[in-house]
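Colleague: I would like a close look at a single part of this model, namely the pocket. Please take me through its lining, and then through whatever else you would inspect in the side chains and backbone.

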Amino acid sequence: MKIFNIKTSLFQKIARILLGFMMTFAGVAHLTFQRDEFQAQVPRWLPDSYAFMDFVVISSGVVEILFSLSMVFLVKYKVKIGIALAIFYVLIFPGNISQYTNEISAFGLDTDRKRLIRLFFQPVLILWALWSTSALKYLMNRLKN
């Protein structure tokens, strides 16, 4: 199975583009109106200076915008982009865990229960990135062979 020839259904294409637009929103939010909220997700085991935390938020916002544009426009590379985005979601997951374990309120997550429930949405995003780009199909076929 060639990585560039994997077809997606109309529903997968819509899901991929929707995820791309959601990533655009998140990336812009990192850079502007929710910048402080996103600092709550920087893991507390990293340096806690404002400058460093702001750098992490801005950097991840730029990366999210690049992923969003890639998801929408670089269709030929959708499988590779889907895998890379899934890895990105795995890499930022410690921030969600840190928010929960350190009881940090942000994004309306002001109780342990809400922060815990939030943790279960990260696997959904990972699967969404893999499924909507056919990366999941590609990876499953690789495992078979």
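Modeller: Happy to! Let's begin with the lining: helix 1 gives the largest pocket the largest share of its lining, seven residues. Keep in mind that this is a predicted model, in which local features need pLDDT of at least 70 and side-chain atom pairs count only at pLDDT 80 or more, while totals for chains, interfaces and linings use all residues. Residues are numbered from 1 along each chain as its sequence is written, and side-chain values use heavy atoms, with hydrogens and water left out.

The largest pocket (an open set of points on a 1 Å grid where a 1.4 Å probe fits, with protein on both sides within 12 Å along at least five of seven lines) has a volume of about 730 Å³. Its lining numbers 29 residues, and those closest to the centre are His-30, Phe-38, Gln-41, Glu-64 and Ile-92; a lining residue has an atom within 4 Å of a point. Helix 1 (10-31) shares the work with helix 3 (50-73), helix 4 (78-101) and helix 6 (121-132), each of the four supplying at least two lining residues. The helices are DSSP runs of H or I, at least four residues long. Sorted by class, the lining holds 20 nonpolar residues, seven polar ones and two charged ones, where charged stands for Asp, Glu, Lys and Arg.

Helix 3 also takes part in a salt bridge (a side-chain nitrogen of Lys or Arg within 4 Å of a carboxyl oxygen of Asp or Glu). Arg-35 pairs with Asp-54, their closest N and O atoms lying 2.6 Å apart. That contact links distant parts of the chain, 19 residues apart: Arg-35 sits in helix 2 (residues 35-39) and Asp-54 in helix 3. Asp-54 counts as buried because its relative accessibility is 10%, whereas Arg-35, at 26%, is partly exposed. Buried here is under 20% relative accessible area, exposed over 50%, and partly exposed in between, with a 1.4 Å probe and protein chains only.

The whole structure has three salt bridges. In one of them, Arg-115 meets Asp-112 with the closest N and O atoms 2.9 Å apart. Both residues belong to helix 5, three residues apart, or about one turn of the helix. Arg-115 is buried at 5%, while Asp-112 is partly exposed at 35%. Another bridge joins the side chains of Lys-114 and Asp-110, at 3.0 Å from N to O. Here Lys-114 is partly exposed at 39%, and Asp-110 is partly exposed at 45%.

Now for the backbone. Most residues other than glycine have a negative phi. Glu-103, not a glycine, has a positive phi near 55°. Glu-103 is in the loop between helix 4 and helix 5 (112-119), and it counts as exposed because its relative accessible area is 51%. Ser-134, again not a glycine, has a positive phi of about 65°. Its place is the loop between helix 6 and helix 7 (135-144). With a relative accessibility of 1%, Ser-134 counts as buried.

Definitions and conventions: Grid points are joined across faces, edges and corners, and a volume is the space filled by probe spheres set on the points.
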